[in-house]
Amino acid sequence: MKNRSWAFLAGGLLVALLLAGVVSNYASSHPDGLDSSLLKGCTVDADDNIVGGSCPAQQAREHELGDSPLADYGVRGIRNSFVSTGLSGVLGVLVTFAIGGGGFWLLRRRGGVSTRGDDTSTASTAGDDTSTVSTTGDDTSTVSTTGDDDATGDAVTAARRAGAAG
């Protein structure tokens with residue numbers, strides 16, 4: 001990967017970490033769209049407890065993973081809410097980055113096409129004629145043919161096809 005790509009990737013990761021670690025603490029504490037739509041039809045008090053009416057939120061129960069280490073946008077065991085929320089955001093970004101980066105790394109390793117720009121492919125035609133097409137990263141290509149001149153058109157066609165595919 002080029003240095004420019006690494007710098008872009010590192011800059012994006014740094015921005016995501018800052019947003020998750022610091023800015024997330026200033027997000028709205030009011031219910032999001034799903035929560036507020038579930039409360040329609042109910043009367044709630046100042047502490048957002050349901051005190052009357054009928055709404056889907058009355059059937060809500062604790063989530064199965066509600067006691068996990070990163071439940072409720074915080075890290076369990078850390079009493080400072082600012083640090084807890086920021087740390088959970090940073091951990092979420094790092095885990096997401098690791099999974100995404102690992103997935104792209106596996107796809108790159110598995111793929112048969114090289115992205116380095118130093119691919120060489122050989123095409124052969126009927127008889128003794130062989131043509132070699134070399135492509136480099138700066139989109140230049142070299143075509144060399146050996147054998148009878150009758151197959152030169154086939155070698156040029158093969159070179160054009162290889163150049164169009166790359």
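These legends go with a set of close-up views of a predicted model.

**Figure 1. The whole chain, with four helices and five strands.**
Start with the overall layout before zooming in. Reading from the N terminus, the elements follow the order α-α-β-β-α-β-β-β-α. Of the 166 residues, 11% count as buried. The protein exposes about 13100 Å², and carbon and sulfur atoms supply 56% of that area. As for contacts, take those between residues at least 6 apart in sequence: 25% of them join residues at least 24 apart.

**Figure 2. Tyrosine 26 and phenylalanine 82, the one aromatic pair in the structure.**
Here the two rings have their centres 6.2 Å apart. Their planes sit at 70 degrees, so this pair is edge-to-face; the cut-off for that label is over 60 degrees. Tyrosine 26 comes from the loop between helix H1 (3-21) and helix H2 (33-38), while phenylalanine 82 belongs to helix H3 (residues 81-110), so the pair ties together parts that are 56 residues apart in sequence. Tyrosine 26 counts as exposed, at 65% relative accessibility. Phenylalanine 82 is partly exposed, with a relative accessible area of 39%.

**Figure 3. The disulfide between cysteine 42 and cysteine 55.**
A search of the whole structure turns up one disulfide, and this is the view of it. The S to S distance between cysteine 42 and cysteine 55 is 1.9 Å. About the S-S bond the torsion is about -95 degrees, so the disulfide is left-handed. Cysteine 42 sits in strand E1 (residues 42-44) and cysteine 55 in the loop between strand E2 (50-53) and H3, so the link ties together parts that are 13 residues apart in sequence. Cysteine 42 and cysteine 55 are both buried.

**Figure 4. The hairpin formed by E1 and E2.**
Now for the strands themselves. E1 and E2 run antiparallel, and three bridges join them. Look across from threonine 43 and you find glycine 52 in E2 standing opposite. Five residues lie between the two strands. One of the residues in the turn is aspartate 48, which has a positive phi of about 65 degrees.

**Figure 5. Leucine 38 in helix H2, and what it touches.**
Leucine 38 counts as partly exposed, at 31% relative accessibility. Skip its neighbours within four places in sequence, and leucine 38 is in contact with Cys55, Pro56 and Ala57. Cys55 may look familiar, being one of the two cysteines in the disulfide. Also worth picking out is glutamine 59: leucine 38 and glutamine 59 are 21 residues apart in sequence, and 9.9 Å separates them in space, C-alpha to C-alpha.

**Figure 6. Serine 88 and its surroundings.**
The last close-up goes back to helix H3, where serine 88 lies. At 13% relative accessibility, serine 88 counts as buried, the cut-off being under 20%. Its side chain reaches the backbone oxygen of tyrosine 73 at 3.4 Å. Leaving out neighbours within four places in sequence, serine 88 is in contact with Leu70, Tyr73, Gly74 and Val75. So which residue offers its backbone oxygen to the side chain of serine 88? That is tyrosine 73, which also appears among the contacts just listed.

Technical notes:
Residues are numbered from 1 along each chain as its sequence is written. This is a predicted model: local features need pLDDT of at least 70, side-chain atom pairs count only at pLDDT 80 or more; totals for chains, interfaces and linings use all residues. Side-chain values use heavy atoms; hydrogens and water are left out. Rings of Phe, Tyr and Trp (its six-membered ring) pair if their centres lie within 6.5 Å; planes under 30 degrees apart count as stacked, over 60 as edge-to-face and the rest as tilted. Buried means under 20% relative accessible area, exposed over 50%, partly exposed in between (1.4 Å probe, protein chains only). A disulfide is a pair of cysteine sulfur atoms within 2.5 Å. A polar contact is a pair of N or O atoms within 3.5 Å; within protein, one must be able to donate a hydrogen and the other to accept it, and residues adjacent in sequence count only if both atoms are side-chain atoms. Contact means heavy atoms within 4.5 Å. Two strands pair if DSSP finds at least two bridges between them. Accessible areas come from the Shrake-Rupley method with a 1.4 Å probe; for residues, only the protein chains shown count as cover.
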